[in-house]
Amino acid sequence: QVQLVESGGGLVQPGGSLRLSCAASGSIFSISTMGWYRQAPVKERELVATITSGRTTNYVDSVKGRFTISRDNTKNTVYLQMNSLKPEDTGVYYCNLRRVVVGGTYEYWGQGTQVSVSS
């Protein structure tokens with residue numbers, strides 16, 4: 001069983017920065033794809049960024065050049081550095097762990113951390 005615990009959310013002014021962290025329990029972190037998703041009020045959850053076990057990254061177009069996803073396998077932690085924040089980045093940010101194996105997919109979610117961008 002894997003548990004994911006996010007931290008680092010908060011209230012920030014437009015143009016500001018935040019760094020989210022997600023600490024994972026268990027032994028499959030280093031061989032799993034990690035991702036950050038977000039959900040704004042009355043909107044569906046959307047993918048923000050992912051990083052594979054081989055450190056290949058992927059971003060939604062709206063955050064490219066502003067957000068950076070990274071991982072530290074020695075700490076079982078994935079990060080999301082968010083710069084030049086905009087009001088439309090507001091939402092609950094969720095950490096995701098996905099491990100695809102023969103016969104199925106293991107997927108786990110954190111409880112979410114609120115990010116609010118407002119003046």
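**Charged side chains and an open sheet**

With a relative accessibility of 32%, E46 counts as partly exposed. This value, like those that follow, comes from a predicted model. The salt-bridge partner of E46 is R38, and the closest N and O atoms of the two side chains are 2.7 Å apart. R38, by contrast, is buried because its relative accessible area is 6%, below the 20% cut-off for that class. The salt bridge between R38 and E46 therefore joins a buried residue to a partly exposed one.

R38 has a further partner in D89, with the closest N and O atoms 3.0 Å apart. This pair links distant parts of the chain: R38 belongs to strand β4 (residues 33–39), whereas D89 lies in the loop between β8 (77–82) and β9 (91–101), 51 residues apart. Both D89 and R38 are buried.

Another salt bridge connects E107 and R98, where the closest N and O atoms are 2.6 Å apart. E107 is partly exposed, with a relative accessible area of 34%, and R98 is likewise partly exposed at 34% relative accessibility. Elsewhere, salt bridges with shared partners join R38, E46, R66 and D89 into one network. The count for the model comes to five salt bridges.

Side chains of opposite charge can pair when their charged atoms come close. What, then, is the nearest side chain of opposite charge to E6, and how far away is it? It is R45, at 7.6 Å, and E6 is buried yet has no salt bridge. That separation lies outside the salt-bridge criterion because the nitrogen must be within 4 Å of a carboxyl oxygen. The side chain of E6 does have polar contacts with the backbone: it reaches the backbone nitrogen of C95 at 2.7 Å, and one of its polar atoms lies 2.9 Å from the backbone nitrogen of G112. Leaving aside residues up to four places away in sequence, E6 touches several others, including S21, W36, Y93, Y94 and T113.

The position of E6 leads to the sheet. E6 is found in strand β1 and stands opposite C22 in β3. Strands β1 and β3 (residues 18–24) run antiparallel and are joined by four bridges. They belong to an open sheet of four strands in the order β1-β3-β8-β7, with antiparallel pairing. Its edge strands, β1 (4–7) and β7 (67–72), each pair on one side only. From one strand to the next, the twist averages 15°.

Methods: Residues are numbered from 1 along each chain as its sequence is written. This is a predicted model: local features need pLDDT of at least 70, side-chain atom pairs count only at pLDDT 80 or more; totals for chains, interfaces and linings use all residues. Side-chain values use heavy atoms; hydrogens and water are left out. Two strands pair if DSSP finds at least two bridges between them. Helices (H or I, at least four residues) and strands (E, at least two) are DSSP runs, numbered from the N terminus. Axes are lines fitted to C-alpha atoms, for helices over the stretch in contact, and angles run from 0 to 180 degrees between N-to-C directions. Buried means under 20% relative accessible area, exposed over 50%, partly exposed in between (1.4 Å probe, protein chains only). Lys and Arg count as positive and Asp and Glu as negative; His and the chain ends are not counted. A polar contact is a pair of N or O atoms within 3.5 Å; within protein, one must be able to donate a hydrogen and the other to accept it, and residues adjacent in sequence count only if both atoms are side-chain atoms. Contact means heavy atoms within 4.5 Å.
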